[in-house]
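Me: I am new to protein structures and would like to go through this one step by step. Could you help me?

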Amino acid sequence: MNANEILFENVSRFYGDVLGVNRVNLAIPPGITSLVGPNGSGKTTLMNLMTGLLRPTQGRISVLGVAPDDPEHLFRFVGYCTQFDSFPRGMTGYQFIYSYLRLHGKTHAEADEGTWRAIERVKLTDAAPRKIAGYSKGMRQRIKLAQAISHDPRVLVLDEPLNGLDPLVRAETIALFRSLAEAGLHVIISSHILHEVDAISDQVILLSSGYVVAEGQIHGVRTEVEDHPMQILIRCDRPSALASRIFELDTVVEARVHNDGKGLLVRTRDPDRFYLMLNRLVVDGVDLQSIAPADDDVNSVYEYLIGPDGGSI
Amino acid sequence: MNPNSWSLWRAQVAAILRLEIKKNFLARRGLWIYLLAAAPAVLMWSHALLNLRDHRVCDLGHDNLIFATMFQFFYLRLAVFFGCVGVFLKLFRGEMLEKSLHYYLLAPVRRDVLLVGKYLAGVLTTSIIFCTGTALTLAAVLVHVPRAQAEQYLFGAGGLGHVFTYIATAALACVGYGGVFLLLGFLFSNPVVPVVLVLLWEAANPFLPQLLKRLSVIFYLQSLIPVTVPAQGDFAFLAILATPVPAYLAVFSLLLIAAAGLWLGTRQVRKLEINYGTD
């Protein structure tokens, strides 16, 4: 059993006759891993399974070598920011974290110190003495995040953590995730905001209807999608002239002038070979400004693998 | 701290007690429990104050009998019963409905430690409420009889023992019914029907054969009550002819019922999943 990975071995979970997730095999390393998929694809089920809130119908899970049905050990190093937007009645933000730390067995002084440290990290110091019932959606999200990080976990599971946050706080929160990942934590995030997933993830897990359809670093996943040739955008001043030469390359499937007339969109089945051969195509008088993949992102991979009709995410 | 150490478990139970007791006492939805607990005291104090105002002297023996009847037939069978329904069913089932139980399940707390913590919080809450109600009612019985008569009863005729026994019986009722309703909260997503069945079973206790009588909480509680309601007179229609068991056996049986409820509860709580959407 690997003590530095989160492992799913042939894990299935059914809700009666309804499929939650099916035959999931995963090995999640440290860093930021994003779970991406439409509603009902099994993201939350996977998170609840790895934190023991649900039990697998079959298969085995281990989180850094600990089984999720062992909460007294698991939650010493796992923090979970759930999507449940309900809190124990009558609590202030401070009490919410403080009581959680007392449940860890910490003394008053330790819990008090840990509570303020966590609250300061999510910038809720002023609101901490107020009742959570009066918090905005974004503040509730942040106090849940503070709870999840309050005991300095090694694994952080975050279900839609950016929901309800304004752009500034969103940027700060993403920076916090990055710093935690750089410190060696496993940060598992589910999010429906694909461009943010793209920006922050070290690896992604794409889910559809309870199945893992792809996993790994986004570039690697994109390369494996052979049904959709890679799109490359070449920015230049004379795209038509470049297009006429580019069709000489046998790896090119399609080339068309970009809508703004200042570039060429090329589809190729072998991008590495295309880059090499492009160097040999010296087009006199064409000023090449940039060459970059145009669909090497989560959004495109999601659309290719799950489809635009895969459901709302 | 070692995750399997007694000192950690004690600290965790204390943390659960702090959270739960505050929640139980301050819950607005639990106001009716206070009203149930206070009803006999309000009645008895009204009677006492009216008598004091009018300088009427009451018969302590008669008032004691009224109290014993009220304690057996209203307090134990209805007030404590429904009070425990209100508190113990909510410990897990209520938090599932409020979608807040995951707060505990995301902490490094053994599920059985959580169960024990919540149960103790329920017992403490209900015991404080109903023992206080019992004490206040007894105080009203004694406050409007001549002081010498009250002192004679308390210190010469075993009255102090009666007071202690009534209060202890109220607490033991919370212990016994608590174990039953904690378990029902796990076993049934809608516990109304099972609660009604338990109520009917407890009510039918006087008419059951001796062996079946023992499969109830009220049988053991009645075995502890110091004043027996006579089968003749004003309250004859409420009198129950049952052979009581010795006090030590009654207490042991009530603790056994609670322990059985807790033991079966631990089996349920270990299997508990958070699935608010479908629960």
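**A sheet, its helices and a contact**

Reply: Gladly! This is a predicted model. In chain A, strand β3 (residues 31-36) and strand β8 (residues 203-208) run parallel and are joined by four bridges.

Me: Which residue in β8(A) stands opposite A:Ser34?

Reply: Let's start from the pair of strands: β3 and β8 of chain A are linked by four bridges. Across from A:Ser34, the residue in β8(A) is A:Val204.

Me: Which strands of chain A stand at the edges of the sheet?

Reply: The sheet is open, has six strands with mixed pairing, and follows the order β5-β6-β7-β3-β8-β9 in chain A. An edge strand here has a single partner, so one of its sides is left without a neighbour in the sheet. That description fits two strands of chain A: β5 (78-81) and β9 (211-216).

Me: What angle does the direction of helix α6 of chain A make with that of β7(A)?

Reply: Helix α6 (residues 167-182) packs on the sheet, where it touches β3, β6 and β7 (186-190) of chain A. Its direction and that of β7(A) make an angle of about 145 degrees.

Me: Which element gives the largest share of the side of chain A that touches chain B?

Reply: The contact takes 25 residues from chain A and 26 residues from chain B. On the chain A side, the elements giving two or more residues are α2 (71-77) and α3 (93-103). The largest share, five residues, comes from α2(A).

Definitions and conventions:
Residues are numbered from 1 along each chain as its sequence is written. Chains are lettered from A and ligands numbered from 1 in the order in which they are written. This is a predicted model: local features need pLDDT of at least 70, side-chain atom pairs count only at pLDDT 80 or more; totals for chains, interfaces and linings use all residues. Two residues are in contact if their C-beta atoms, placed from the backbone, lie within 7 Å. Two strands pair if DSSP finds at least two bridges between them. Axes are lines fitted to C-alpha atoms, for helices over the stretch in contact, and angles run from 0 to 180 degrees between N-to-C directions.
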